[in-house]
Amino acid sequence: AIKVEMTSMPQLVALFNGFGGGASALVATAEFFSKITLENHPVFLTSTIVISVFVGTLTLTGSIIAFCKLQGIISGRPIVFPGQQILNGLFAIFLIFLGVYIVMSDAHFLNSFYGLVIIAGLLGITLTIPIGGADMPVVISLLNSYSGVAAASTGFVLLNNGLIISGALVGASGLILTNIMCKGM
């Protein structure tokens, strides 16, 4: 961070948000593999793991796209295709279905968990690519909020009050900042 020029700060913040979301998803995934079994998968723990993995993975991939757009690695122009919003809606519905299935199922749900990670990652990409470079600071602010939500969810997974509180503060302040930025633009 010391070596990054001020003009490149948005890219750095995007990466920080992505790493925060990715770390939350990894911690929740580790808890999934260490504590969730076919015989023992408490609804609260499994629900918080699903939320943390979903939001954390979406934050990671969305932040990587934001970084790449700002850095010029991919085009800063909006990348759109026909049916994109419908596809995003289908991804969201499928993620909800997978999440409920993982929480409620007594069957083998490991493939569903992998599907949750993949679809959440794809949704992060498809939600971020249609945003142009000039609006990227707003997206980064929203992704900052998402990273806070992922951290708070991971706090519930770990039963860590400090992580819950700090994640909730980051999530709320990021959402407030996003709202202010949207009104300003």
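**Figure 1. Helix α6 and its span.** In this predicted model, α6 has 24 residues, which at 1.5 Å a residue should span 34 Å. The C-alpha atoms at its two ends are indeed 34 Å apart, so expectation and model agree. Which residues of α6 are buried? They are Ile 164, Gly 167, Gly 171, Gly 174 and Thr 178. The cover over these buried residues includes α5. Ala 172 also belongs to helix α6, but Ala 172 is partly exposed, with a relative accessible area of 40%. From the C-alpha atom of Ala 172 to that of Ala 14 is 17 Å, although 158 residues separate the two along the chain.

**Figure 2. Helix α5 and the loop that follows.** Helix α5 covers residues 136–158, 23 residues in total. Its first and last C-alpha atoms are 32 Å apart, close to the 33 Å expected at 1.5 Å a residue. Take a moment here to look at the backbone just after α5, where Leu 159 has a positive phi of about 55°. Most residues other than glycine have a negative phi. Leu 159 is not a glycine, yet its phi is positive. Leu 159 sits in the loop between α5 and α6 and counts as exposed, at 69% relative accessibility. Asn 160 is found in that loop too, between α5 and α6 (161–184). Is Asn 160 buried, partly exposed or exposed? With a relative accessibility of 36%, Asn 160 counts as partly exposed. For a sense of distance, the C-alpha atoms of Asn 160 and Ile 73 are separated by 38 Å, and the two residues lie 87 residues apart along the chain.

**Figure 3. The largest nonpolar core.** This core has 20 residues. Which of them have the most contacts inside the core? Those residues are Phe 32, Ile 49, Ile 102 and Leu 116. Two or more residues of this core come from each of α1 (9–35), α2 (43–71), α3 (84–104) and α4 (110–128). A second core, separate from this one, has eight residues, among them Phe 67, Met 136, Val 139 and Leu 143. In soluble globular proteins, nonpolar side chains tend to be buried together.

**Figure 4. The surroundings of Ile 102.** Zoom in on Ile 102, and set aside its neighbours within four places in sequence. Ile 102 is then in contact with Phe 32, His 41, Thr 46 and Val 50, and also with Phe 109, Ser 112, Phe 113 and Leu 116. Two of these partners, Phe 32 and Leu 116, are, like Ile 102, among the residues with the most contacts inside the largest nonpolar core.

**Figure 5. A nonpolar patch on the surface.** Phe 33, Tyr 114, Ile 118, Leu 122 and Ile 125 make a nonpolar surface patch of about 440 Å². Which helix gives the most to the patch? It is α4, with four residues. Ile 118 is found in helix α4, and with a relative accessible area of 52% Ile 118 is exposed.

**Figure 6. The salt bridge in helix α1.** How many salt bridges does the structure hold? There is one, and the side chains of Lys 35 and Glu 31 form it, with a distance of 3.0 Å from N to O. Side chains of opposite charge can pair when their charged atoms come close. Both Lys 35 and Glu 31 lie in helix α1, four residues apart, or about one turn of the helix. An α-helix has 3.6 residues a turn, so residues three or four places apart point the same way. The two partners differ in burial: Lys 35 is partly exposed, with a relative accessible area of 43%, whereas Glu 31 counts as buried, at 14% relative accessibility. Glu 31 is put in the buried class because its value falls under 20%.

**Figure 7. Phe 97 on helix α3.** Our last stop is Phe 97, in helix α3. Is this residue buried or exposed? Phe 97 counts as exposed, at 51% relative accessibility, because the cut-off for exposed is over 50%. Between Phe 97 and Ser 34 there are 23 Å in space, C-alpha to C-alpha, and the two residues are 63 residues apart in sequence.

Terms used:
Residues numbered from 1 in each chain as written. Predicted model: local features only at pLDDT ≥ 70, side-chain atom pairs only at ≥ 80, totals over all residues. Heavy atoms only, no water. Core = buried A, V, L, I, M, F, W, Y, C linked by side-chain atoms within 4.5 Å. Buried < 20%, exposed > 50% of the residue type's maximum accessible area, 1.4 Å probe, protein only. Contact = heavy atoms within 4.5 Å. Patch = residues over 30% accessible without salt bridge, like charges linked within 9 Å, V, L, I, M, F, W, Y side chains within 5 Å. Areas by Shrake-Rupley, 256 points an atom, 1.4 Å probe, with all protein chains shown as cover. Salt bridge = Lys/Arg side-chain N within 4 Å of Asp/Glu carboxyl O. Expected span 1.5 Å × (residues − 1).
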